[in-house]
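Hi there,

Here is the structure I promised to pass on. Please have it open while you read, as my notes follow below.

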Amino acid sequence: MVDLTALLTDLTAESEQLDALVAPLPPEAWDRPTPAPGWTTAHQIAHLAWTDHVAHLAATDTDAFYASVTSAPDPSRLVDDGAESFLAPPTALLARWRDGRAALVSALAAVPAGEKLPWYGTRMSPASMATARIMETWAHGEDVADALGVRRTPTSRLRHVAHLGFRTLGHGFAAHGRAVPTAPVRVELAGPDGETWAFGPADAADRVTGPALDFCLLVTQRRHRADLALVATGPVADEWLDVAQAFAGPPGGKREAAGGGVPA
């Protein structure tokens with residue numbers, strides 16, 4: 001059984017790690033471009049604050065959540081417009097993000113057992129929502145770290161991102177307009193804590209192996225597979241590394257390989 005309390009503790013810790021990175025920044029650093037086209041450091045934090053806000057609506061006021069979706073002037077720009085709407089001077093933006101993420105943790109903890117929350121095109125358990133928020137917080141934290149030229153130390157919280165990346169195998173294929181494979185895939189990752197994280201049947205012919213950090217960077221589309229130490233064995237596993245995405249929605253804008261290669 002999934003331990004929601006432990007997930008929410010890890011979500012808080014992931015947020016606090018990113019908070020510690022951005023809180024001391026001078027105002028001009030908040031305007032620094034990140035790898036996401038058109039997004040600054042401030043956009044990244046505003047996006048997290050906005051997403052925490054709509055997740056809080058999903059957990060506390062279903063009608064208000066659906067109204068926020070149906071009232072969007074341009075659904076294709078929902079994410080960008082959401083980030084823009086939450087932009088503010090650094091001090092105010094930090095306060096908004098901190099208040100919002102704390103409110104979300106409290107709201108998710110209070111959701112009755114077995115209840116699913118509305119989300120974009122699906123419904124999610126509080127545990128799944130918390131896992132998705134860990135993934136998003138970590139991934140957008142990577143964008144900020146890249147913009148600042150900082151290397152963050154991986155933590156065992158990456159296991160949540162890796163597990164979500166494995167669970168969304170079929171979604172990655174479907175989002176790219178490809179048939180969802182029926183063959184199982186085994187994933188074996190070297191975690192930053194020295195343990196091996198394994199997902200999928202041990203006897204699967206298709207396999208993905210490598211560092212957990214690299215797998216998480218791939219499934220959040222923060223690095224091109226050519227720049228990662230991941231090994232795919234079998235046709236399904238190999239194709240998966242081209243289409244993997246742990247986040248909902250259409251395919252994201254994948255990164256180019258450091259050597260100039262174009263993503264599949």
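What follows is a short tour of the sheet, a helix pair and one buried side chain.

Please keep in mind that this is a predicted model.

**The sheet**

Let me begin with the strands. Four of them make an open sheet, ordered β4-β3-β5-β6, with mixed pairing. The edge positions belong to β4 and β6 (231-233); each has a single partner strand, so one side of each lacks a neighbour in the sheet. From one strand to the next, the twist averages 10°.

Two helices pack on this sheet. Helix α9 (residues 212-219) touches β3, β4 and β5, and its direction makes about 115° with that of β5. Helix α10 (residues 235-243) touches β3, β5 and β6, and its direction makes about 50° with that of β5.

As for the pairing itself, strand β3 (residues 185-190) runs parallel to strand β5 (residues 206-211), and six bridges join the two. If you want a place to look, Val-185 lies opposite Asp-206 in β5. With strand β4 (residues 196-199), β3 pairs in the antiparallel sense over four bridges. Here Ala-190 is opposite Thr-196, and Glu-188 has Ala-198 as its bridge partner. Five residues lie between the strands in the hairpin of β3 and β4, where Gly-194 has a positive phi near 90°.

Which side chains of β4 are buried, and which are not? In a regular strand, side chains alternate between the two faces of the sheet. Along β4, Trp-197 and Phe-199 point to one face and are buried, whereas Thr-196 and Ala-198 point to the other and are not.

**A helix pair**

Next, have a look at helix α2 (residues 41-60) and helix α6 (residues 126-148). Their axes come within 9 Å and cross at roughly 170°. An angle over 145 degrees counts as roughly antiparallel, and α2 and α6 are therefore roughly antiparallel to each other. On the α2 side, the contact includes Thr-41, Gln-44, His-47 and Leu-48, and on the α6 side, the residues include Met-129, Arg-133, Glu-136 and Thr-137. The residues of this contact are a mixture: six nonpolar, six polar and four charged.

**A buried glutamate**

Finally, there is Glu-14, which sits in helix α1 (residues 4-22). Is Glu-14 buried or exposed? Its relative accessibility is 2%, so Glu-14 counts as buried, the cut-off being under 20%. The side chain of Glu-14 makes a polar contact of 2.6 Å with that of Arg-157. Leaving aside residues up to four places away in sequence, Glu-14 touches Ile-134, Thr-137, Trp-138, Arg-152, Thr-155 and Arg-157. You may recognise Thr-137 from the helix pair, where this residue of α6 takes part in the contact with α2.

Happy viewing, and best wishes!

Notes: Residues numbered from 1 in each chain as written. Predicted model: local features only at pLDDT ≥ 70, side-chain atom pairs only at ≥ 80, totals over all residues. Heavy atoms only, no water. Axes fitted to C-alpha atoms, helices over the stretch in contact; angles between N-to-C directions. Parallel < 35°, antiparallel > 145°, perpendicular 65-115°, else oblique. Contact = heavy atoms within 4.5 Å. Nonpolar A, V, L, I, M, F, W, Y, C, P; charged D, E, K, R; others polar. Pairing = 2+ DSSP bridges. Buried < 20%, exposed > 50% of the residue type's maximum accessible area, 1.4 Å probe, protein only. Polar contact = N/O pair within 3.5 Å; in protein donor to acceptor, adjacent residues only side chain to side chain.
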